[in-house]
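This report is for a reader who is new to the structure shown below. Please keep the sequence and the model at hand while reading.

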Amino acid sequence: MERILIPGTNGVSKEIADSISRELLLKVCKPIYKVFPDGESYIRIPCDVKNKEAIVVQSFIQPQDKSFFEAILIGDALREGGASNSILIVPYMAYARQDKVFLEGEPISIRVIMETLRMLYKRLFVVEIHKEESLKYFGEGAVNISPYTYMARQLGLESSNVAVLSPDIGALNRAKTLSQFLKCSYDYLVKRRDKITGGITMEPKELDVNNKDIVIVDDIISTGGTIASASSILKKYGARHIHVLVAHAIMLGEAIDKLRKSGIDEIYAANTLPKKDGIKYVDIGPLIADYLSSYS
Ligand code: R5P
């Protein structure tokens, strides 16, 4: 079946679609987009998709609601155009952290996102969703792409005296996977987040990091508070160099300064979000292309 790649209209999605197209030699069809005077979005797919497998790449960057809605409109245009199969690739899945009711009266945002996407797409590939269990709301055909081993290989992250650290128990599996690749030990810190203010505290813990190079691994840097707190603790216990490996670098406000002040040497992220100064990016396109090849 012929395949065609359709990026969303933001720069991140275009860059990743171009990268996938170079790997798999696929044609890219860019949608036509405009905003009506009243603020509504218009989108058109100016290519023949009939009986083709359409692969849409849409990262849910800010404004997240617009990015999400664009994926919905593209999905419906493909349905109208007679595409025989529609696949959605989401390099950054927004709303994934609202995966349960924390305070009475809240929605489970990721559930309604997944249930909506499932009406329009047969398969879904997400780069490192906050919790893999959330894919169950899409049902069969949803795949999480874990990027850490690939990124570490691309970056040549190796050291004889290295340890991996997860800033909270939620990222422990991420740390375990990376430590297996780096053939080193891993540990975690205990983080508590205030449900109202969002402020975090880290519990003190014995850590064997003296004179070691540490790789902190997490899915997201948002305000930088989590990683900065982890880094300060590691420095106190004598860590030598601290590198951070994350899938998604949102980097709000003063995040980069906060991280530098906490003693971090280098921050590596996948290119799933708009680029910010002070971060080294790894192109995730070739890894997504591998997943697409093994699925076909
Ligand atoms: C939370 O569970 C996530 O895995 C990240 O640790 C969190 O979103 C990071 O947020 P911030 O950078 O604002 O501390």
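The text below covers strands and their pairing, then pockets, then cysteines. The model is a predicted one.

**Strands and sheets**

An open sheet is built from 6 strands, in the order β2-β1-β5-β6-β7-β8, with parallel pairing. At its edges stand β2 (27-28) and β8 (142-145), each of which pairs on one side only. Strand β7, residues 123-127, runs parallel to β8, and 4 bridges join the two. Within this pair, Ala142 of β8 stands opposite Leu124.

Strand β9 can be described in more detail. Is this strand, residues 162-166, largely enclosed by the rest of the structure or not? Of its 5 residues, 5 are buried, so β9 is largely enclosed. The limit used here is a relative accessible area under 20%. In general, the side chains of a regular strand alternate between the two faces of the sheet. In β9, Val162, Val164 and Ser166 point one way, whereas Ala163 and Leu165 point the other way. Residues of both groups are buried.

Strand β9 has parallel partners. Strand β13, residues 213-221, is joined to β9 by 4 bridges, and Ile216 in β13 is the bridge partner of Leu165. Strand β10, residues 185-188, is also joined to β9 by 4 bridges and runs parallel to it. Here Ser166 has Tyr188 of β10 as its bridge partner. Between β9 and β10 the chain passes through helix α5 (residues 172-182), and this β-α-β crossover is right-handed.

**Pockets**

The two largest pockets are set out in the table by volume, lining and class of residue.

| Pocket | Volume | Lining residues | Nonpolar | Polar | Charged |
|---|---|---|---|---|---|
| Largest pocket | about 1,300 Å³ | 39 residues | 9 residues | 13 residues | 17 residues |
| Second largest pocket | about 210 Å³ | 16 residues | 9 residues | 5 residues | 2 residues |

Which residues of the lining are closest to the centre of the largest pocket? They are Arg97, His130, Asp168, Lys191 and Arg193. At least two lining residues come from each of α5, β11 (190-193), β13 and α6 (225-236). Strand β13 supplies the largest share, 4 residues. This is the β13 that pairs with the buried strand β9.

For the second largest pocket, the lining residues closest to the centre are Gln64, Tyr92, Ala94, Tyr95 and Arg97. Arg97 is thus listed for the centre of the largest pocket and for that of the second largest pocket.

**Cysteines**

The count of disulfides comes to 1. Cys29 and Cys47 form this bond, with an S to S distance of 1.9 Å. The pair links distant parts of the chain, 18 residues apart. Cys29 lies in the loop between β2 and β3 (32-35), and Cys47 in the loop between β4 (41-44) and β5 (53-57). Why is the disulfide of Cys29 and Cys47 called right-handed? The torsion about its S-S bond is about 100°, so it is right-handed.

The cysteines of the bond can also be described by their accessibility. Cys29 has a relative accessible area of 1% and is buried. Cys47 has a relative accessible area of 21%, so it is partly exposed. Another cysteine, Cys184, is buried, because its relative accessible area is 17% and the limit for buried is under 20%.

Conventions:
Residues are numbered from 1 along each chain as its sequence is written. This is a predicted model: local features need pLDDT of at least 70, side-chain atom pairs count only at pLDDT 80 or more; totals for chains, interfaces and linings use all residues. Side-chain values use heavy atoms; hydrogens and water are left out. Buried means under 20% relative accessible area, exposed over 50%, partly exposed in between (1.4 Å probe, protein chains only). Two strands pair if DSSP finds at least two bridges between them. A crossover is right-handed if, with the strands pointing away from the viewer, the path from the first strand over the helix to the second runs clockwise. On a 1 Å grid over the protein atoms alone, a cavity is a set of points where a 1.4 Å probe fits but cannot get out, and a pocket is an open set with protein on both sides within 12 Å along at least five of seven lines; lining residues have an atom within 4 Å of a point. Grid points are joined across faces, edges and corners, and a volume is the space filled by probe spheres set on the points. Ala, Val, Leu, Ile, Met, Phe, Trp, Tyr, Cys and Pro count as nonpolar, Asp, Glu, Lys and Arg as charged, and the others, Gly among them, as polar. A disulfide is a pair of cysteine sulfur atoms within 2.5 Å.
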